[in-house]
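Here are a few short exercises to work through with the model open in your viewer. Try each task before you read its solution.

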Amino acid sequence: MPCKLVILISGSGSNLQAFIDAAEQGELPADIAAVISNRPAAGGLERAAQAGIATAVVDHTGFANRDDFDAALRDTIDSFAPDLVVLAGFMRILGADFVRHFRGRMLNIHPSLLPKYPGLHTHQRAIDAGDTEAGATVHFVTEELDGGPPILQAQVPVKAGDTAELLAARVLEQEHRIYPLAARWFAEGRLTLNGNQAELDDNALPPTGFPFHCVTAD
Ligand code: GRF
């Protein structure tokens, strides 16, 4: 049985598209069982439909509090019985119970060189700090926001005259490479969470994740 994925989105879903493409090209031995959005208008829902993938919407605005939303989202995910839950530009903070329920089988990608810049506006913060490198990190999700054990990290240069938009585009290109790769490792049974440590082939991954050496077009 191939590894079953459920992918959570809030927006355009370019990372989702990278998963769809990787699966179609045989680079990701997994079955995307469903795409779930908290926003009915998320562009990624259309990408999923185009690829013939089941979709569901759990609209956070329809819930009185976070616990109720989390419970409905958890039940919707569980109805597809995934092996792995992939947060791909999912822009809601998830409660501790939810996160514990999926511990060791939920990944996130964050557009910074974690542990730098958890939270929002990462690209502008990197530019404002005068950083010469930025990037993205795939990590296991734990209760700490953007603080779970890193798996893979890609670096890109920050260039003179960069705007947040330019830098975001450069980082996003690498997100599309490292995220399906991390999921591939999981699908192959090579990637595990042992306590608070991500392991690849039973070896502890470095504190900032496996360094992905990328070739940038520009
Ligand atoms: C990505 O930069 C992701 O890291 C961030 O939100 C963005 C989502 O982009 N948290 P997309 O919806 O996958 O295009």
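**Exercise 1.** In this predicted model, find which polar protein atoms lie within 3.5 Å of the ligand's oxygen atoms.

*Solution.* Start with the backbone: Asn15 puts an N or O atom 2.8 Å from a ligand oxygen. Next, go to the side chains. Ser12 has a side-chain N or O atom 2.8 Å from an oxygen of the ligand, and for Glu175 a polar side-chain atom is 2.7 Å from a ligand oxygen. As for burial, on its own the ligand has 370 Å² of accessible area, and the protein covers 82% of that.

**Exercise 2.** Work out what kinds of residues make up the shell around the ligand, and which helices each supply at least two of them.

*Solution.* First, list the shell: Ser12, Gly13, Ser14, Asn15, Gly89, Ile109, Pro111, Leu172 and Glu175. Then sort by type, which gives 3 nonpolar, 5 polar and 1 charged. Now map onto secondary structure: α1 (14–24) and α6 (164–187) each bring in at least two shell residues. Finally, zoom out to domains: domain 1 (1–102) and domain 2 (109–218) each contribute at least three. As for the site itself, the ligand sits in the largest pocket.

**Exercise 3.** Check the backbone: which peptide bond is cis, and where is Asp201, with its positive phi?

*Solution.* Take omega first: it's near 15° for the bond from Leu114 to Pro115, so that one is cis. Pro115 belongs to the loop between β5 (106–110) and α5 (122–128). Now phi: Asp201 isn't a glycine, yet its phi is positive, about 50°. You'll find Asp201 in the loop between β9 (197–200) and β10 (203–204).

Technical notes:
Residues numbered from 1 in each chain as written. Predicted model: local features only at pLDDT ≥ 70, side-chain atom pairs only at ≥ 80, totals over all residues. Heavy atoms only, no water. Near = heavy atom within 4 Å. Polar contact = N/O pair within 3.5 Å; in protein donor to acceptor, adjacent residues only side chain to side chain. Areas by Shrake-Rupley, 256 points an atom, 1.4 Å probe, with all protein chains shown as cover. 1 Å grid on protein atoms, 1.4 Å probe; cavity = no way out; pocket = protein on both sides within 12 Å on 5 of 7 lines; lining within 4 Å. Sits in = over half its atoms within 2 Å of the grid points. Helix = DSSP H or I, 4+ residues; strand = E, 2+ residues; numbered from the N terminus. Nonpolar A, V, L, I, M, F, W, Y, C, P; charged D, E, K, R; others polar. Domains from an automatic or database assignment.
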